[in-house]
Amino acid sequence: MQDTPRSNRLHISLFGKRNVGKSSLINSLTNQDIALVSNVAGTTTDPVYKSMEILPIGPVVLIDTAGIDDIGNLGKLRIQKTHEVLNKTELALLIFTKEITSFEKDMLQRMKEKNIPLIGVMNKIDEKDVEESILIEWEKVYDIPFVKVSAKTKYGIENLKETIIKVADIKKHEKVIVGDLIDEGDFVVLVTPIDKAAPKGRLILPQQQTIRDIIDHGGIAIVTRETELTKTLKDIGKKPKMVITDSQAFKKVDELTPIDIPLTSFSILFARYKGDLETLVLGANKIKNLKEGSNVLICEGCTHHRQEGDIGKDKIPKWIENTAGAKLNFEWLSGTSYPDEENIKKYDLIVHCGGCMLNPKEMEFRIKKSNEYHIPIVNYGVLIGLATGVLNRALDLFPNIKEKFK
């Protein structure tokens with residue numbers, strides 16, 4: 001459970017006014033005292049992320065948010081942070097104690113607009129008797145399930161867990177990276193270059209997750225460097241189902257891989273797994289339309305120490321300028337930051353990493369937001385495939401999407 005990456009966990013966020021018991025409810029759900037609890041309203045300021053396991057749901061991220069009725073200038077900023085959490089929320093718990101006020105109604109509307117599965121949770125029922133007929137009436141009015149609980153006595157907690165399992169529909173989150181493209185017993189060769197940016201003693205997250213997905217679907221994963229690829233293809237004695245490479249070795253691996261063996265990249269697979277590969281391919285088509293001085297935003301979901309030759313800082317800008325044939329203006333963002341409605345309008349292109357540190361909901365939000373403002377968006381793998389002339393081949397595995405590539 002502890003080894004499950006946060007990006008692969010179901011993100012469950014708790015929303016509600018100050019002092020309705022959000023933190024206490026987290027403690028009851030996990031059966032641990034992991035969230036700070038106080039009778040003072042506003043104890044939780046910024047969103048707090050807790051990677052836990054809730055049996056029988058499995059690994060989850062519980063997100064404790066500031067009160068939606070916070071006050072003052074700082075309170076407004078905290079509410080803004082709470083609203084931003086909606087962009088990564090896969091299941092919401094709206095906590096209240098006595099009645100549904102304008103604060104809860106506003107959050108209900110925001111969640112419905114974002115198609116977020118939602119459960120209404122009346123907490124502190126040990127302080128107030130609640131008629132079942134009231135909950136039934138609310139379910140009809142708001143079209144969501146309601147559960148009454150007491151975080152203090154743990155009354156109704158098991159019922160809440162069962163409702164979470166039902167509403168979340170865990171199977172909808174069981175997407176595959178490559179499993180639907182292979183059959184049991186297929187050989188899949190993964191090319192993992194070792195350079196200065198590679199983590200010492202381990203593979204990067206997309207490589208780890210792809211290997212696990214292959215194994216889960218009965219495939220046989222063979223990992224090699226590009227320098228040993230030719231020998232590997234010769235020695236395995238069987239034509240592999242496909243070769244998957246790190247995008248930075250695309251050109252060399254393309255040259256070394258026989259044309260009758262399908263070839264793609266980890267980043268392209270993750271574009272499909274977490275985002276919208278078709279939209280990202282359409283974004284690649286727009287790069288040639290960039291003009292002198294066009295503004296390009298480069299986004300990475302993680303933060304890391306940039307070294308000489310860094311892909312986001314050095315290589316991506318050169319590839320884009322060479323493809324566009326123009327000198328461009330570049331800006332960079334990393335981590336959870338993403339431009340708001342005003343700032344995003346100035347960009348002519350957004351280039352995003354593979355998003356291995358972000359959950360699918362957040363990647364979906366980022367792509368959707370760029371579409372709303374008609375800003376082309378592309379990810380590293382698609383862009384590198386374009387820049388190296390390999391994208392056409394890399395999309396052979398996805399013929400419906402390949403038709404969109406010009």
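Which strands and which helix do the buried residues of H4 pack against? They pack against strand E4 (91–96), helix H3 (102–113), strand E5 (118–122) and strand E6 (146–148). The model is predicted. Two parts of it are described below: helix H4, and an open sheet of four strands.

**Helix H4**

- Helix H4 covers residues 132–142, and its buried residues are Leu-135, Trp-138 and Tyr-142.
- Viewed down the axis of H4, these buried residues fall within an arc of 60 degrees, so they line one face of the helix.
- Asp-143 comes just after H4 and takes a positive phi of about 60 degrees.

**The four-stranded sheet**

- Strands of a sheet pair through backbone hydrogen bonds, and the pairing is either parallel or antiparallel.
- In this open sheet the strand order is E12-E11-E13-E14, and the pairing is parallel.
- Strand E12 (329–334) and strand E14 (377–379) are at the edges; each has a single partner strand, so one side of each has no neighbour in the sheet.
- From one strand to the next, the twist averages 20 degrees.

**Pairing of E11 and E13**

- Strand E11 (residues 295–300) and strand E13 (residues 349–352) run parallel and are joined by four bridges.
- Val-296 has Leu-349, in E13, as its bridge partner.

**A helix on the sheet**

- Helix H13 (residues 380–388) packs on the sheet and touches E11, E13 and E14.
- The direction of H13 makes about 85 degrees with that of E14.

Conventions: Residues are numbered from 1 along each chain as its sequence is written. This is a predicted model: local features need pLDDT of at least 70, side-chain atom pairs count only at pLDDT 80 or more; totals for chains, interfaces and linings use all residues. Side-chain values use heavy atoms; hydrogens and water are left out. Two strands pair if DSSP finds at least two bridges between them. Axes are lines fitted to C-alpha atoms, for helices over the stretch in contact, and angles run from 0 to 180 degrees between N-to-C directions. Contact means heavy atoms within 4.5 Å. Buried means under 20% relative accessible area, exposed over 50%, partly exposed in between (1.4 Å probe, protein chains only). The arc is that of the directions from the helix axis to the C-beta atoms.
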